[in-house]
Amino acid sequence: MIDIHSHTTYSDGSSSVEELLNEAQKESLSLLSITDHNTIQAHFELQNQNIRNKFNGEIISGIEITTTYKGETIEVLGYGFDLETMQQFLNDNVLTFEEKQLREFELIKNQYRKIGVIFDENRIQFNPKVESCRPAFAIEIKKHPENYKFFLNQESINTPSGFTRNEVYNPKSPLYVDESSLFPSLERAIEMIHKSGGLAFLAHTFAYSPNISNELLNIIDNYQLDGLECFYTTFTKEQSDYLVKICEEKGMYMSGGSDFHGTRKINHNLGTGHGNLCIGESVVKNWINRYLPDFDNTKSKIK
C-alpha cells in the first residue's frame, strides 16, 4: 500500500515529520511522499537519519504547488525532483506559507468589504505560520445570517473545505477572490517541477469546482502534465475509473494519496482515507523505478 499525498507542520498538517513517519510505519506503507504546500523543508529534515529511520519504506521527494487556472485555484503535485534545484525555484517563485497567508487575508478582507460581507476583522484569529486564514474567515462570516445570501452553495456554510473550494476559489461564487497574484502560473509550476528533474501531476481533479473537471481535457492538451492523481480520499469509484481511462488513452502516469493532514482534515487517514482507499503499488509501476530503482525490494521487505 502506498500514499504519496501527505502534509506536515511545514505547511498545514498537524503532524511533525517524525509523527508522520511513525504513522506510515504503523500502516506498513511501502511508499510515502510528503507533499507539503509550496515547501520541501520536510525532505531536508529527512536527511537526518535518526528521523528517516522511523520508516522502513521508500520515500520519494514531493511537493504540492498552488497555482491557478482561469482564475480558479488548483494544485500540481511534483515527485522525484532534486531538492536543491527545487528549493532555488521556490525561493524565486513562491511565497512562504506565512507570507501567502498574510497576503491572502488582505485580499479576502478587501474583497468582502467591497461587496458588503459583514465581519469583524479583529475576531478573525489564525496563526499564519501554520494555519490557513480561510477557515478563520469562514467561522466569522457565518456568525452573521445576513451573509448567507452570498454563498453559492449552502453546504459551504457547514464545512471549511466547502467554503474554500465552492466559494473562495470558485469564480461563479459571489464570495470568490482572485488569488492569482499569490502563485506562480500553471505553466511555471509545471516548469519548476520538470527543470528540477521531477514529474508533474494534477492533484485531486474532483476536489475543485466542476469547472476544473469540465476543463480537464483542455488542461491536459495545453499544459505539459505528466499524470493525474487518479485515487484520492473523496473520489468515487466512477471518478477514479474516469481518470484512469484518461491516463490510459493519453499515455499519462497515475498517482494517488489520502491528502493526510493529521487532525486538520477529518477522515483523510494515511493510506486508507475514509477507510477503503488502500492504493496498490501497481498505480505507480510505470514511473516509480526511474527514481527508486530498489522499490520492488522495498515492497518485499515491508510485506
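# Exercises on a predicted protein model

Buried residues account for 56% of the 303 residues in the protein. The structure is a predicted model, and the exercises below proceed from the whole chain to single residues.

## Exercise 1: The overall form

Task: Determine how many helices and strands the protein has, and how compact it is for its length.

Solution.
- Step 1. The secondary structure comprises 12 helices and 8 strands.
- Step 2. The radius of gyration is 19 Å, and the globule rule gives 19 Å for 303 residues. The two values are close, so the protein is as compact as a globular protein of that length.
- Step 3. Along the principal axes, the C-alpha atoms fill a box of roughly 60 × 45 × 40 Å.
- Step 4. Of the contacts with a separation of 6 or more, 72% are between residues 24 or more positions apart.

## Exercise 2: Surface and charge

Task: State what share of the accessible surface belongs to carbon and sulfur atoms, and how far apart the centres of the positive and negative side chains lie.

Solution.
- Step 1. The accessible surface comes to about 13400 Å², and carbon and sulfur atoms hold 44% of it.
- Step 2. There are 29 positive and 42 negative side chains in the protein.
- Step 3. The centres of these two sets are 2 Å apart.

## Exercise 3: Serine 209 and its partner

Task: Decide whether serine 209 is buried or exposed, and identify the side chain with which its own side chain makes a polar contact.

Solution.
- Step 1. Serine 209 is located in the loop between β6 (199-202) and α9 (210-214).
- Step 2. Its relative accessible area is 1%. Buried means under 20%, so serine 209 is buried.
- Step 3. Leaving out residues up to four places away in sequence, serine 209 touches Glu72, Arg165 and Asn170.
- Step 4. The side chain of glutamate 72 is the partner in a polar contact of 2.8 Å with the side chain of serine 209.
- Step 5. Serine 209 and glutamate 72 are separated by 137 residues in sequence, while their C-alpha atoms are 8.6 Å apart in space.

## Exercise 4: Tyrosine 169 and its surroundings

Task: Locate tyrosine 169 and describe its contacts with other parts of the chain.

Solution.
- Step 1. Tyrosine 169 belongs to the loop between α7 and α8.
- Step 2. With a relative accessible area of 3%, tyrosine 169 is buried.
- Step 3. Apart from neighbours within four places in sequence, its contacts include Gly71, Glu72, Lys100 and Tyr176. Glu72 is also touched by serine 209.
- Step 4. The C-alpha atoms of tyrosine 169 and glycine 71 are 8.0 Å apart, although 98 residues separate the two in sequence.
- Step 5. The side chains of tyrosine 169 and arginine 134 are joined by a polar contact of 3.1 Å.
- Step 6. Threonine 164, in helix α7 (residues 160-168), touches both Arg134 and Tyr169. Threonine 164 counts as buried at 7% relative accessibility.

## Exercise 5: A buried serine and a partly exposed one

Task: Establish the burial of serine 33 and of serine 28.

Solution.
- Step 1. Serine 33 lies in the loop between β2 (31-32) and α2 (41-45).
- Step 2. A relative accessible area of 0% places serine 33 among the buried residues.
- Step 3. Beyond its neighbours within four places in sequence, serine 33 is in contact with residues including Asp3, His5, Ile60 and Tyr79.
- Step 4. Serine 28 is in the loop between α1 (17-26) and β2. Its relative accessibility is 41%, so serine 28 counts as partly exposed.
- Step 5. Although serine 28 is not a glycine, it has a positive phi of about 55 degrees.

## Exercise 6: Residues with distant counterparts

Task: Find the distance between the C-alpha atoms of glutamate 187 and isoleucine 266, and between those of glutamine 239 and leucine 21.

Solution.
- Step 1. Glutamate 187 is part of helix α8 (residues 186-195) and is exposed, at 58% relative accessibility.
- Step 2. The C-alpha atoms of glutamate 187 and isoleucine 266 are separated by 32 Å, with their positions 79 residues apart along the chain.
- Step 3. Glutamine 239 belongs to helix α11 (residues 237-250) and is partly exposed, at 22% relative accessibility.
- Step 4. For glutamine 239 and leucine 21, 218 residues apart along the chain, the C-alpha separation is 29 Å.

Notes: Residues are numbered from 1 along each chain as its sequence is written. This is a predicted model: local features need pLDDT of at least 70, side-chain atom pairs count only at pLDDT 80 or more; totals for chains, interfaces and linings use all residues. Side-chain values use heavy atoms; hydrogens and water are left out. Helices (H or I, at least four residues) and strands (E, at least two) are DSSP runs, numbered from the N terminus. The radius of gyration is taken over C-alpha atoms; the globule rule is 2.2 Å times the number of residues to the power 0.38. Buried means under 20% relative accessible area, exposed over 50%, partly exposed in between (1.4 Å probe, protein chains only). Contact means heavy atoms within 4.5 Å. Accessible areas come from the Shrake-Rupley method with a 1.4 Å probe; for residues, only the protein chains shown count as cover. Lys and Arg count as positive and Asp and Glu as negative; His and the chain ends are not counted. The place of a charge is taken as NZ of Lys, CZ of Arg, CG of Asp or CD of Glu. A polar contact is a pair of N or O atoms within 3.5 Å; within protein, one must be able to donate a hydrogen and the other to accept it, and residues adjacent in sequence count only if both atoms are side-chain atoms.
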